[in-house]
Amino acid sequence: MRAGHIRWGLLLVGLALSLPAHADLSRRRSDVVEVVQKVSPAVVHIGTEQEVESRFRGRARSPLEEFFGQGLGAPETRQRIQGLGSGAIIDASGIIVTNDHVIRGASAIHVVLADGRTFDAEVVGSDANNDLAVLKVNAKEALPTAKLGTSSDLMIGETVVAIGSPFGLSKTVTAGVVSATGRTFRAEDRVYNDFLQTDAAINPGNSGGPLLNVDGEIIGINTAIYANGQGIGFAIPADKVRRIVEELTRFGKVRPAWVGMDTANLPARVAARLGWDRTYGTVVTNVEPESPAAQAGVQRGDVVAELGGSRIQDAEDFDSRMRGYPARSAFPLVLFRAGSTRTVQVTPVEFPARLLETLAWERLGLRVKENKNGMAISAVRPGSAASEIGLEPGDVLLRMNNQPVPTADTFREGLLTARRGRSVLLLVRRGRYAYHLTLPFEGQRL
């Protein structure tokens with residue numbers, strides 16, 4: 001019996017030695033593990049439902065329809081499609097931040113918490129230009145939250161963690177580093193500006209989820225991937241997220257802002273004449289009197305080198321960056337003038353109503369008025385692109401950049417939102433038919 005006891009004792013000792021010690025577990029507890037355990041309860045899975053219409057046509061289109069697009073009157077079918085994404089709870093009352101493209105057009109939004117609880121969510125506000133949305137769920141108790149950090153002090157190479165639901169696989173964690181900041185690129189006819197770049201794996205379904213630093217703070221909202229490469233993902237920086245989320249939470253939308261300055265691309269010969277020897281920047285071509293830009297001291301001929309701490313590549317980059325600053329949200333501009341640089345502080349304001357009619361007439365070549373059918377065109381400027389395309393008084397504007405414009409207020413908001421672009425997509429009704437057309441903007445970008 002004694003020998004048997006000894007054999008069993010040795011066996012138990014061996015088993016004990018083969019089990020991982022508590023000290024070993026502590027040694028393996030990395031920064032990434034700390035972040036995941038701290039923040040993952042605040043990361044949610046978002047499922048959406050959307051009804052879409054499909055048109056099937058059995059007849060040939062007229063030349064006018066071929067030019068303008070598909071007309072109305074075709075048979076329609078409706079189908080329900082489902083989408084998925086991620087989000088982060090940033091307030092214990094149930095406020096969630098995600099991407100606009102995750103919930104855009106959804107007829108129902110369902111939020112699943114990390115502990116399995118499911119809630120129906122309502123949209124507090126969303127903004128397609130900045131691809132951000134704020135949702136609200138009603139819970140009986142305070143919810144776990146993630147802290148919205150800052151992105152202005154990020155270091156290239158610092159460790160970051162992404163948590164989300166790629167391909168519906170909830171609670172998925174990936175880690176990597178900050179690969180670049182202030183990244184601007186073009187993909188699938190869309191321009192991405194002022195993004196964080198990371199090699200932390202981001203896949204469909206990660207959209208709207210948090211990118212975190214080793215302190216467990218949100219430093220970005222995961223948004224896009226570069227499909228032709230590996231380890232190239234992009235996130236909206238936290239500083240922009242904070243500005244847009246505050247605006248959406250307070251007003252339900254981003255108030256169109258105005259600084260009163262126009263810029264243009266900077267050819268090498270113009271840059272040489274101005275004394276600017278860099279390959280980036282945009283030149284100021286117009287400053288509206290008494291505008292925020294004028295009050296800050298911006299002058300025609302200045303080179304805009306930086307906005308909000310990041311380089312400006314060209315005029316398109318400047319226009320896109322401006323969409324991230326709503327009214328009353330100040331930002332610094334670095335200007336080059338007469339051989340030296342200076343920094344000025346500019347505070348956008350809401351677009352002056354007195355300029356709206358001018359904006360529509362000069363840039364669209366149209367005057368409109370509200371009637372029972374919507375916004376009817378009352379006049380078309382001779383020689384304008386609108387005139388050359390064939391728009392006529394009596395045509396009715398139904399949508400602008402895919403947003404309905406049934407009233408003067410919605411038309412005004414649509415025009416203000418679209419004004420910084422190079423063109424605008426219109427849906428125009430003439431008689432029984434409606435046509436999509438792209439109308440280039442003209443004149444100064446007010």
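In this predicted model, a polar atom of the Arg255 side chain lies 3.0 Å from the backbone oxygen of Ala327, a polar contact being a pair of N or O atoms within 3.5 Å, of which, within protein, one must be able to donate a hydrogen and the other to accept it, with residues adjacent in sequence counted only if both atoms are side-chain atoms. The model is a prediction in which local features need pLDDT of at least 70 and side-chain atom pairs count only at pLDDT 80 or more, whereas totals for chains, interfaces and linings use all residues. Residues are numbered from 1 along each chain as its sequence is written, and side-chain values use heavy atoms, with hydrogens and water left out.

Arg255 is placed in the loop between H6 and strand E15 (257-258), where helices (H or I, at least four residues) and strands (E, at least two) are DSSP runs numbered from the N terminus. With a relative accessibility of 13%, Arg255 counts as buried, the classes being buried (under 20% relative accessible area), exposed (over 50%) and partly exposed (in between), for a 1.4 Å probe and protein chains only. When neighbours within four places in sequence are left aside, Arg255 is in contact with Glu247, Pro326, Ala327, Arg328 and Glu350, contact meaning heavy atoms within 4.5 Å.

Helix H6 (residues 238-251) also gives the most residues, five, to the largest nonpolar core. This core has 42 residues, of which Ile46, Val111, Leu135 and Val241 touch the most other members; a nonpolar core is a set of buried Ala, Val, Leu, Ile, Met, Phe, Trp, Tyr and Cys residues joined through side-chain atoms within 4.5 Å. Beyond its neighbours within four places in sequence, Ile46 is in contact with residues including Leu84, Val102, Ile103, Ile109, Val111 and Leu135. A second, separate core of 27 residues includes Leu366, Val405, Leu416 and Leu426.

Leu416 is also one of the buried residues of helix H12 (residues 408-418), alongside Phe411, Gly414, Leu415 and Ala418. These buried residues of H12 pack against helix H10 (356-364), strand E23 (366-371), strand E24 (374-380), E25 and strand E27 (423-430). Helix H9 (residues 315-322) is largely enclosed by the rest of the structure, because seven of its eight residues are buried. The buried residues of H9 include the charged residues Asp317, Asp319 and Arg321 as well as Ala315, Phe318, Ser320 and Met322. The N-terminal end of H9 is capped by Asp314, a side-chain oxygen of which lies 3.3 Å from the backbone nitrogen of Glu316.

Trp276 occupies the loop between helix H7 (268-274) and strand E17 (282-287), and is buried, with a relative accessible area of 7%. A polar atom of the Trp276 side chain lies 2.7 Å from the backbone oxygen of Tyr280. Outside the four places on either side in sequence, Trp276 is in contact with Leu266, Ala271, Val303, Ala305 and Phe336; the C-alpha atoms of Trp276 and Val303, 27 residues apart along the chain, are separated by 7.9 Å.

Most residues other than glycine have a negative phi. Phe167, in the loop between strand E9 (159-164) and strand E10 (172-187), nevertheless has a positive phi near 55°, and at 57% relative accessibility this residue counts as exposed. Asn401, in the loop between strand E25 (396-400) and strand E26 (403-404), likewise has a positive phi, of about 50°, and is partly exposed, with a relative accessible area of 34%.
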